[in-house]
Amino acid sequence: MMQTPVQVIGIGNEYRCDDSVGLVVVRTQEIQNIQGIQCHELQGDGIALLDCWTADSHVILIDAVSSGSKPGTIFRCDGKQTVTISESLFSSHLCGIAEALQLAQTLQHLPASLSIYGIVGENFEIGTELSPAVQSAVKSVTIEILHKIQTIRQTMLH
Amino acid sequence: MKTRTIKTKALARVEGEGKMYLKISGATVRDVKLKIIEPPRFFEALLRGRAMSEAPDITARICGICPIAYQMSAVHAIEDACGVTVDGQLRVLRRLLYCGEWIESHALHVYLLHAPDFLGYQSAWQMAQVYPDIVQRGLRIKKAGNAIISFLGGRAIHPINIRIGGFYTVPAPEAFDELVEQLIAGREAARETAHWAASLPIPDYEQEYEFVALSHPDEYPMNEGRLISNKGLNIPVQEYDTYFAEEQVAYSNALHSIIKGRGAYLTGPLARYNLNFQQLSPLAQETAHAVGLGNSCNNPFKSIIIRSIEILYAFDEALRLIGNYTKPETAALSLHPRAATGYACTEAPRGTLYHRYTLNNDGIIQDAKIVPPTSQNQKAIEQDLRSYVPQLLNMSDEELTVRCEQAIRNYDPCISCATHFLKIEIESE
């Protein structure tokens, strides 16, 4: 039987401390050991996101967030909800996730489901270490993602 | 005398942070300054004391769009210092990799960054609402370019398979089969792109430039050649510092390049095309003529068409290279360091990229110099605005600003390379 296409995408710069948290989650043994999913690591090029999925994909996307909230806080959102962006944000070669999702929506290229997990970082300076609060969040969000994948698969079976 | 002061928000669709200042007095442009406000990044200093083997990976981090250009200029310059020439099928693979970067970088600029200017949209996604099929085509082309880089480089951004002397691993010819299908489709999409780009409303504007690009007797320039210009320059890249200089200007964090004794010059697709048209493939030449281009072009706004021709050429060339490819016996040549200085210019999507490294006997970098294309084009950008703006003085401030941004984007400036967003400030009096 065909597996439900599940894509887990981590986004970040591995040399900017907490910015790498999306990559760290994707690299965990718990995620890597799941059979039949595809893992992707992106360095921030939003346009590359559009190449990661097809219309029947169930996508889980993890990225670092800089919001002023307490470090390690996990934000969750449905990426298929309308994303509103400022025109001026589409301003560099490497367009961001919001701009890429807006483009995907316009081109009717959004996946079947898109769950976004944003983890609030504390330190985005040069380096490869995660802050303790962000490291703790990796464990929590990994468990959530495992449950999410289970739920996606069960839903598809019914 | 009428005084106009125009200040705009950040200029979108360029890479990096900068501002443009215009001072207009009556019908005269009094002052133009391209102000790069992005902080200096000190890559040249960062390279000192590092092993020569690290240069390709360190310099690749200068840019997420054209890492191949940095890697290629770095490896060629260090190989020059070591007295080694990488030839044969390893050279073929390097050129193929460069084709991938030209395709992905040009497709991004043509479709997502520059085309909205010509069609009157503020962004690519706005344009996508009206022209979804066209934007989809651009994304398919970009994806094909990325596929080449991922295939040979290990990943699309900051590839990891490039090393001094060659590659860490090289593919078997049969491994290209899937990629070839994608490239054949991409070549047709590129031909359509050239016709579409030529149908865009192109401003009627021409300028006399000194075009500077590499030139090679056997091929359209990418990895090597002599530096030539339409005003008599014809030098080996080892003499770059004799003929070119970098100047500090008080208002910018990026150095301005000049040709000594002559000043501003232009590098990039327009220069390559004007100096090397005969080296384009028959298909690229035929298509250029079919869409109304001559063998030369002095209208910088037509750079969007010329980039499309270069995309077509890059697909054509990539397929030719793959068709003749045989697996090399070794993935990389051995290099023995020596105390010497090495030089290289390669053709990044935006223009000529110069690297110079001085090594000691242990292969430790003692000194490094990197001159990216955007640094070289800053003066030409300022000159374009100085001569273009007087044609636009009957426009509203808002319209004038939009047209200036479009003129700046003719150069696909990568400000991050040159030292990120561009703000335009127009002061009229």
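This report walks through two chains of a predicted model, from overall build down to single residues.

## Chain B as a whole

Let's start with chain B, where the secondary structure comes to 14 helices and 14 strands. Its C-alpha trace spans about 70 × 45 × 35 Å along the principal axes. The radius of gyration is 21 Å, and a compact globule of 429 residues would sit near 22 Å, so the two agree.

How much of chain B counts as buried? The share is 62% of the 429 residues. The surface that chain B exposes is about 15,400 Å², with 47% of that supplied by carbon and sulfur atoms.

## Two helices of 16 residues

Helix α3 of chain B takes in residues 67–82. At 1.5 Å a residue its 16 residues should span 22 Å, and the end C-alpha atoms are 23 Å apart, which agrees. This helix is largely enclosed by the rest of the structure, because 15 of its 16 residues are buried. Right after α3(B) comes Gly83(B), with a positive phi near 75°.

Helix α12 of chain B, residues 373–388, also has 16 residues. From its first C-alpha to its last it reaches 22 Å, close to the 22 Å expected. There's still a kink in α12(B): about 30°, centred on Lys379(B). Twelve of the 16 residues of α12(B) are buried, which leaves the helix mostly covered. Among them are Pro373(B), Thr374(B) and Ser375(B) at the start of the list, and polar or charged names such as Gln376(B), Asn377(B), Gln378(B), Glu382(B) and Asp384(B) turn up too. Ala380(B), Ile381(B), Leu385(B) and Tyr388(B) are also on that list. As background, an α-helix has 3.6 residues a turn, so residues three or four places apart point the same way.

## Aromatic pairs

Over all chains, the structure holds 14 aromatic pairs. Take Tyr240(B) and Phe244(B): their ring centres are 4.5 Å apart and their planes meet at 10°, so this pair is stacked. Both partners are tucked away, since Tyr240(B) is buried at 2% relative accessibility and Phe244(B) is buried at 3%. These two also belong to a cluster, in which ring pairs link Tyr240(B), Phe244(B), Tyr265(B) and Tyr354(B).

Now for a pair with another geometry. The rings of Phe301(B) and Tyr388(B) have centres 5.0 Å apart and planes at 55°, so they count as tilted. Which parts of chain B does this pair tie together? Phe301(B) belongs to the loop between α10 (282–290) and α11 (303–323), whereas Tyr388(B) is in helix α12, so the link joins parts 87 residues apart in sequence. Phe301(B) and Tyr388(B) are both buried, and Tyr388(B) is one of the buried residues of α12(B) mentioned above.

There's a charge over a ring as well: Arg272(B) lies over the face of Trp102(B), 4.3 Å from the ring centre.

## A loop residue with a distant partner

Ser199(B) is found in the loop between α7 (177–198) and β6 (212–215) of chain B. Is Ser199(B) buried or exposed? Its relative accessible area is 56%, so it counts as exposed. In sequence, Ser199(B) is 92 residues from Val291(B), yet the C-alpha atoms of the two are 8.3 Å apart in space.

## Chain A and its positive phi angles

Chain A has five helices and five strands. Read from the N terminus, its elements go β-α-α-β-α-β-β-α-β-α. Of the 158 residues in chain A, 49% are buried.

Two backbone angles here may catch your eye. Cys17(A) has a phi near 45°, which is positive in a residue other than glycine. This cysteine is located in the loop between β1 (6–11) and α1 (21–26) of chain A, and at 5% relative accessibility Cys17(A) is buried.

Gln108(A) has a positive phi too, near 55°, and again the residue is other than glycine. Where is Gln108(A) placed? Its spot is the loop between α4 (97–106) and β5 (113–120) of chain A. With 75% relative accessibility, Gln108(A) is exposed, whereas Cys17(A) is buried.

Conventions:
Residues numbered from 1 in each chain as written. Chains lettered and ligands numbered in written order. Predicted model: local features only at pLDDT ≥ 70, side-chain atom pairs only at ≥ 80, totals over all residues. Heavy atoms only, no water. Helix = DSSP H or I, 4+ residues; strand = E, 2+ residues; numbered from the N terminus. Expected span 1.5 Å × (residues − 1). Bend = angle between axes of the 7 residues up to and from the residue. Buried < 20%, exposed > 50% of the residue type's maximum accessible area, 1.4 Å probe, protein only. Phe/Tyr/Trp six-rings, centres within 6.5 Å; stacked < 30°, edge-to-face > 60°. Lys NZ or Arg CZ within 6 Å of the ring centre and 35° of its normal. Rg over C-alpha atoms; globule rule 2.2 N^0.38 Å. Areas by Shrake-Rupley, 256 points an atom, 1.4 Å probe, with all protein chains shown as cover.
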